[in-house]
Amino acid sequence: MTAAEQPLPPAIDLPSSLLVRRHGAVAVLSLNRPTKRNALNDETVLGIERFFTHLPADVGSVVIAAKGDHFSAGLDLSEIGEHDTISGIQHSRMWHRALDLIEFGPVPVVCALHGAVVGGGLELAAAAHLRVAERSTFYALPEGMRGIFVGGGAAVRVPRLIGVARMTDLMLTGRRYDALEGHAAGLSQYVVEDGAGLDCAVQLAERIAQNAPQTNYAIIQALPRIAEANPREGYFMEAMMAAIAQGTDDAKERMRAFLDGRAEKVTDR
Ligand code: 1HE
């Protein structure tokens, strides 16, 4: 643990399959079940839900990462046999609840990917706002091989990132995309060398945490809704959100600081 890292207050009761560390305003939530390739059992999914429900107010952004050689092998297949049709629906809805809290939670979320990002692991990653992939990353949706269907939101979120045709190909053929193929398709926004993913994700998250909270809120809450609205309503919602953001004291102070020469210029980072 570096000097800047502190454990999160023990108020959030998490299973041993999840670890949390603080880097200043950034909370890093790590999947910690490497012997099972971070397969996502119910306990872990419910832990993710609890973590995002009880995020301390001073957390400005979150990084989701994973211990071991793989981000996640997806749904814990040893648990699926327990479900009949109705409990299967409830199980899928539990995933939806937890991952919705990532996509539409209080703060932006960056995912640091490496190794397998498979099935439910890709569903988890797709709920984040940014994805950083190490070169070792590979993506797959092997549900067709297992006789099941995606159930953690992939049918909605993955086509948004790569289109229905590519997702259909991944699911019908069981093929893998490597990190660069996934990046070209739209699954990640950044590709970095092996071992550099977490640092890159934390740096991005630190930067994001310095943004005005009203702008981060607009980006994660308003932007996806506007992008999916019909343009007439979309433009109207955009105008509402723009006015709300710029009407804050914080926005006024940030603009004054720029005009007074006290604020950072737009530079290449
Ligand atoms: C697991 C799981 C799992 C590994 N559930 N236990 N996901 C999949 O179909 C992917 C299945 N997993 C794999 O293809 C491979 O494990 C990996 C390519 C990810 C990694 O391979 P490898 O050689 O490093 O590990 P391994 O030897 O296959 O697995 C190590 C252990 O993890 C082993 O258990 P052990 O007790 O024998 O040591 C595996 O059984 C266990 N393991 N993956 C349970 N997924 C909301 S719906 C989402 C639907 C889906 O996610 S479908 C996709 C499921």
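In the predicted model, the hairpin of strand 2 and strand 3 has 2 residues between the strands. Gly24 takes a positive phi near 60 degrees in this hairpin. Strand 2 spans residues 18–23, and strand 3 spans residues 26–31. The two strands pair in the antiparallel sense. Their pairing extends over 6 bridges. Within this ladder, Val20 has Leu29 of strand 3 as its bridge partner.

A further set of strands forms an open sheet. This sheet has 3 strands, in the order 6-8-9, and its pairing is mixed. Strand 6 and strand 9 (177–178) are the edge strands, each pairing on one side only. Strand 8, residues 138–140, pairs with strand 9 in the antiparallel sense. This pairing involves 2 bridges. Phe138 has its bridge partner, Asp178, in strand 9. Helix 4 packs on the sheet and touches both strand 6 and strand 8. The direction of helix 4 makes about 90 degrees with that of strand 6.

Strand 6 and helix 4 also take part in the surroundings of the ligand. The ligand has 22 residues around it. Lys36, Arg37, Ala73, Gly120 and Arg146 come nearest. Three of these residues are considered here through their polar atoms. At Ala73, a backbone N or O atom lies 2.7 Å from a nitrogen atom of the ligand. At Gly120, a polar backbone atom is 2.7 Å from an oxygen atom of the ligand. At Arg146, the approach is through the side chain: one of its N or O atoms is 2.6 Å from an oxygen atom of the ligand. On its own, the ligand has 1,000 Å² of accessible area, of which the protein covers 66%. Strand 6 (116–118), helix 4 (120–127) and helix 5 (143–146) are the elements that give two or more residues to the shell. By class, the shell comprises 9 nonpolar, 7 polar and 6 charged residues.

Helix 7 covers residues 164–173 and includes Thr173. The side chain of Thr173 reaches the backbone oxygen of Asp169 at 2.7 Å. Thr173 can also be placed relative to Met145. These two residues are 28 residues apart in sequence. In space, their C-alpha atoms are 8.8 Å apart.

Definitions and conventions
Residues are numbered from 1 along each chain as its sequence is written. This is a predicted model: local features need pLDDT of at least 70, side-chain atom pairs count only at pLDDT 80 or more; totals for chains, interfaces and linings use all residues. Side-chain values use heavy atoms; hydrogens and water are left out. A residue is near a molecule or strand if one of its heavy atoms lies within 4 Å of it. A polar contact is a pair of N or O atoms within 3.5 Å; within protein, one must be able to donate a hydrogen and the other to accept it, and residues adjacent in sequence count only if both atoms are side-chain atoms. Accessible areas come from the Shrake-Rupley method with a 1.4 Å probe; for residues, only the protein chains shown count as cover. Helices (H or I, at least four residues) and strands (E, at least two) are DSSP runs, numbered from the N terminus. Ala, Val, Leu, Ile, Met, Phe, Trp, Tyr, Cys and Pro count as nonpolar, Asp, Glu, Lys and Arg as charged, and the others, Gly among them, as polar. Two strands pair if DSSP finds at least two bridges between them. Contact means heavy atoms within 4.5 Å. Axes are lines fitted to C-alpha atoms, for helices over the stretch in contact, and angles run from 0 to 180 degrees between N-to-C directions.
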